[in-house]
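Hi,

Here is the structure I said I would pass on. Have a look at it first, and my notes follow underneath.

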Amino acid sequence: MSLPRATPPAAHATAAVASKMGDDRFRQAMAASNIGMAIVSIEGIWLEINPALCAMLGYREDQLRGHHYSEVTHPDDLAISNNLVTALVNGSLASVDEHKRYVHRDGSEVWVQLNVAVMRDESGAPQYFISHMRDIRGEREAGMAMSARIEERGAALDASNRQLQLFADAVAHDLRAPLRSIESFSALLSERAVERLNETDRDYLGRIRAAASRMTGLLAALTELSHVTRAEMRVVPVDLSLLADWVGAELQDADPRHRGEITVQPGLQVEGDERLLKLMLNQLMHNAWKFSCEREGPVEPVRIEVSGETAVDRLVLTIRDHGSGFDMRYAHKLFEPFQRLHGPDQGGGHGLGLAIARRVVERHRGELRAHSQPGAGSTFIVELPVAATGEENIDA
């Protein structure tokens with residue numbers, strides 16, 4: 001690329017600028033700088049250019065001086081540059097610090113970190129611009145190379161995670177068959193030989209059946225965690241109030257020994273995957289039911305309240321129980337897989353239920369947190385976007 005010849009600016013304009021800038025000393029500083037520097041008139045004409053800027057753009061000083069900055073500005077950045085100049089002149093911007101593209105004499109792009117300030121006289125009128133340009137092509141290339149490496153590593157990690165997940169699914173599947181045999185034969189032994197067993201033998205048999213049952217539950221939970229992580233999202237309008245009523249009825253039917261008082265606020269609506277959101281509610285409400293049933297003291301109905309309110313574009317859903325609660329000092333462990341804040345005798349399970357709930361919430365671009373006090377119950381708060389546009393905008 002070559003610039004056409006231009007008539008140099010009037011001598012008195014250059015002299016005025018030179019007198020304002022301290023003339024020789026400023027020129028010496030510009031010449032010695034390894035950062036591109038220029039003095040540009042309010043009209044956008046290059047008045048002074050240092051050697052570093054000439055080398056950066058591939059021109060001699062006499063080939064730039066007297067020309068408009070737009071002649072070497074990248075066409076895609078020209079409108080932005082003009083808007084910034086206008087903002088500097090009218091005072092809406094004090095200075096500019098931006099990444100900009102210029103065009104080298106050979107036609108290639110030159111990315112720079114551009115700093116521009118406008119100099120004014122005593123009355124505040126703009127006189128000229130001082131520009132500093134630092135070549136950042138190397139930094140951008142390094143950044144792009146780093147991004148490519150990160151993307152490659154991410155793809156490799158995704159592939160590795162998929163392989164690990166497939167392995168875990170295969171192991172869980174293969175373990176179910178021997179577990180079913182253990183459960184079946186121990187049940188037959190209990191039915192047919194219970195009279196011939198002494199109290200110690202019956203205790204051992206009971207322990208075997210309980211352990212097999214816990215393992216079956218753990219494998220089922222691992223399968224659920226795998227499913228909520230990998231399942232394709234089907235986004236539709238979802239009535240969370242209806243789902244909560246449904247889950248509450250299932251909890252009562254599964255445990256008729258306890259009387260439940262489950263109140264659900266009507267009209268709780270979001271957009272998301274209905275099956276996953278029901279699974280999330282099932283985990284949270286089952287957790288509330290379980291630790292309410294295990295609470296020490298007189299027999300009371302299991303009380304669970306499900307309510308919510310809309311804040312801007314999010315639904316803040318609250319699930320509150322009046323059960324045993326937990327110590328907030330250990331809240332950081334609450335949603336981690338296999339972390340239990342209660343032992344088996346206190347209602348603690350396999351430690352995957354809340355991890356499953358959190359994963360469902362994360363896939364909906366939401367947040368899940370909890371507040372509690374020992375002996376006073378727990379409150380789980382779920383924030384979900386009210387509206388969603390599809391899997392690509394929801395799934396991480």
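**What I found**

H67 is buried, because its relative accessible area is 4%, under the 20% cut-off. Before I go on, please keep in mind that this is a predicted model. As for where H67 sits, look in the loop that runs between helix 4 (61–64) and helix 5 (75–90). The side chain of H67 has a polar contact with the side chain of E71, at 3.2 Å.

Next, the sheet. It is an open one made of 5 strands, in the order 7-9-10-12-11, with mixed pairing. Strand 7 (260–264) and strand 11 (367–373) are at the edges; each has a single partner strand, so one side of each has no neighbour in the sheet. Going from one strand to the next, the twist averages 15 degrees.

If you want to look at one pairing within the sheet, try strand 10 (residues 314–321) with strand 12 (residues 377–385): they run antiparallel and share 7 bridges. Which residue of strand 12 is the bridge partner of I319? That is F380.

Two helices to look at against the sheet:

- Helix 9 (residues 274–293) packs on the sheet and touches strand 7, strand 9 (302–311), strand 10, strand 11 and strand 12. The direction of helix 9 makes about 140 degrees with that of strand 9.
- Helix 10 (residues 353–363) also packs on the sheet, where it touches strand 11 and strand 12. Here the direction of the helix makes about 140 degrees with that of strand 11.

Between helix 10 and strand 11 there is a loop, and R365 lies in it. The phi of R365 is near 60 degrees, a positive value in a residue other than glycine. Is R365 buried, exposed or partly exposed? With a relative accessible area of 42%, R365 counts as partly exposed, because that value falls between the 20% and 50% cut-offs.

Last, the aromatic rings. How many aromatic pairs are there? The count comes to 0. There are charges over rings, though. The charged end of R140 sits over the ring of W111, 3.7 Å from the ring centre. K278 lies over the face of W246, and there the distance to the ring centre is 4.5 Å.

That's it from me. Shout if anything is unclear.

Cheers

Conventions:
Residues are numbered from 1 along each chain as its sequence is written. This is a predicted model: local features need pLDDT of at least 70, side-chain atom pairs count only at pLDDT 80 or more; totals for chains, interfaces and linings use all residues. Side-chain values use heavy atoms; hydrogens and water are left out. Helices (H or I, at least four residues) and strands (E, at least two) are DSSP runs, numbered from the N terminus. Buried means under 20% relative accessible area, exposed over 50%, partly exposed in between (1.4 Å probe, protein chains only). A polar contact is a pair of N or O atoms within 3.5 Å; within protein, one must be able to donate a hydrogen and the other to accept it, and residues adjacent in sequence count only if both atoms are side-chain atoms. Rings of Phe, Tyr and Trp (its six-membered ring) pair if their centres lie within 6.5 Å; planes under 30 degrees apart count as stacked, over 60 as edge-to-face and the rest as tilted. A charge sits over a ring if NZ of Lys or CZ of Arg is within 6 Å of the ring centre and within 35 degrees of the ring normal. Two strands pair if DSSP finds at least two bridges between them. Axes are lines fitted to C-alpha atoms, for helices over the stretch in contact, and angles run from 0 to 180 degrees between N-to-C directions. Contact means heavy atoms within 4.5 Å.
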